[in-house]
Amino acid sequence: MKNKKKIVYNHEPFITIYKENFKNKHQSRKNFHKIIIQDAAMVILENEKNQILFLDEYRRGIKKKSLGFPGGHIESGEKPLETVKRELLEETGYLAKNWKMLLRYTRHGTYNCGQDYVYTAKIDNNSLKSIKNENLKKKWLNKKTILALLANNKFETAGIIASVSFYFIKKRYNVG
């Protein structure tokens, strides 16, 4: 069997779906689908009270509002950190400092649905002036509230669940 692929749907840069035949040392498949989704970056932003900023946004895929972090798609030629700094400013009007990479993960191992880059940062209090932004609903939540939301399955997306969990595990065990 030859490795060959055919584009079934394409809406660049956001999504491309392929149908492909492939064979490697692990497996072979005919008419398998591969989904390429644009990579993204987000930030877990802390304030001086150690609260974390969440945005309460409507998400078309789940047809309701969902808590998430500031962030967005990585544009062509952009680095993940550049993306998340741009998105933070666009969505909230905030600037941040002390940027650190928290984790990078692949959204789906079988279908390769893109990667997310998650950063942590501290809010730059000098940026709290009114800067024009997308006016998304912002919520500063404390650790106890976030952990209760997590424990009660109130986060809707795997990326937020993974990011919040990883963030608190690293803080709790002081690793990395």
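## Briefing: strands, salt bridges and a few loops

The side chains of D116 and R107 meet in a salt bridge, with 2.8 Å from N to O. This is a predicted model, so treat every distance here as computed from predicted coordinates. The two partners sit in different settings: D116 is buried, with a relative accessible area of 8%, whereas R107 is partly exposed at 29%. D116 also falls within strand β9, which spans residues 115–123, and R107 turns up again among the contacts of Q38.

**The salt bridges**

- The count of salt bridges comes to 10, and the D116 and R107 pair is one of them.
- Side chains of opposite charge can pair when their charged atoms come close.
- R59 forms a salt bridge with E57, and their closest N and O atoms are 3.0 Å apart.
- Within that pair, E57 is buried, since its relative accessible area is 14% and the buried class covers anything under 20%.
- R59, on the other hand, counts as partly exposed because its relative accessibility is 35%, which is between the 20% and 50% cut-offs.
- R86 pairs with E90, the closest N and O atoms being 3.4 Å apart.
- R86 and E90 are four residues apart in helix α1 (residues 80–92), so about one helical turn separates them.
- E90 counts as partly exposed, at 32% relative accessibility.
- The R86 and E90 pair doesn't stand alone: E75, E78, R86, E87 and E90 are linked in a network of salt bridges.

**Strand β9 and its partners**

- β9 is mostly covered, with seven of its nine residues buried.
- D116 is a buried residue, with a relative accessible area of 8%.
- On one side of the pairing list is β4, which runs parallel to β9 and is joined to it by seven bridges.
- Within that parallel pair, L45 has A121 of β9 as its bridge partner.
- Strand β8 (residues 96–106) pairs with β9 in the antiparallel sense, over eight bridges.
- For L103, the bridge partner in β9 is V118.
- In a regular strand the side chains alternate between the two faces of the sheet.

**The β1 and β2 hairpin**

- β1 (residues 4–11) lies largely in the open, because zero of its eight residues are buried.
- β1 pairs with strand β2 (residues 15–23) in the antiparallel sense, over seven bridges.
- One bridge to look at is K5, whose partner in β2 is E20.
- The two strands, β1 and β2, form a hairpin with three residues between them.

**Q38 in its loop**

- Q38 lies in the loop between β3 (28–37) and β4 (40–46).
- Despite the loop position, Q38 counts as buried, at 10% relative accessibility.
- A polar atom of the Q38 side chain lies 2.7 Å from the backbone oxygen of I74.
- Leaving aside neighbours within four places in sequence, Q38 is in contact with P13, F14, H73, I74, E75 and R107.
- Two of those names come up elsewhere: E75 belongs to the salt-bridge network, and R107 is the partner of D116.

**I62, another loop residue**

- I62 lies in the loop between β5 (52–59) and β6 (64–68).
- I62 counts as partly exposed, at 32% relative accessibility.
- I62 and T157 are 95 residues apart in sequence, yet their C-alpha atoms are 9.0 Å apart in space.

**Helix ends and a surface patch**

- N142 caps the N-terminal end of helix α2 (residues 143–151), with a side-chain oxygen 3.2 Å from the backbone nitrogen of K144.
- After α2 comes N153, whose phi is positive, near 55 degrees.
- Y173 has its place in helix α3 (residues 158–173).
- Y173 is exposed, because its relative accessible area of 55% is over the 50% cut-off.
- I169, Y173 and V175 form a nonpolar patch on the surface, with about 310 Å² of accessible area together.

Methods:
Residues are numbered from 1 along each chain as its sequence is written. This is a predicted model: local features need pLDDT of at least 70, side-chain atom pairs count only at pLDDT 80 or more; totals for chains, interfaces and linings use all residues. Side-chain values use heavy atoms; hydrogens and water are left out. Buried means under 20% relative accessible area, exposed over 50%, partly exposed in between (1.4 Å probe, protein chains only). A polar contact is a pair of N or O atoms within 3.5 Å; within protein, one must be able to donate a hydrogen and the other to accept it, and residues adjacent in sequence count only if both atoms are side-chain atoms. Contact means heavy atoms within 4.5 Å. A salt bridge is a side-chain nitrogen of Lys or Arg within 4 Å of a carboxyl oxygen of Asp or Glu. Patches are made of residues with over 30% relative accessible area and no salt bridge: like charges are joined within 9 Å, nonpolar side chains (Val, Leu, Ile, Met, Phe, Trp, Tyr) within 5 Å. Accessible areas come from the Shrake-Rupley method with a 1.4 Å probe; for residues, only the protein chains shown count as cover. Two strands pair if DSSP finds at least two bridges between them.
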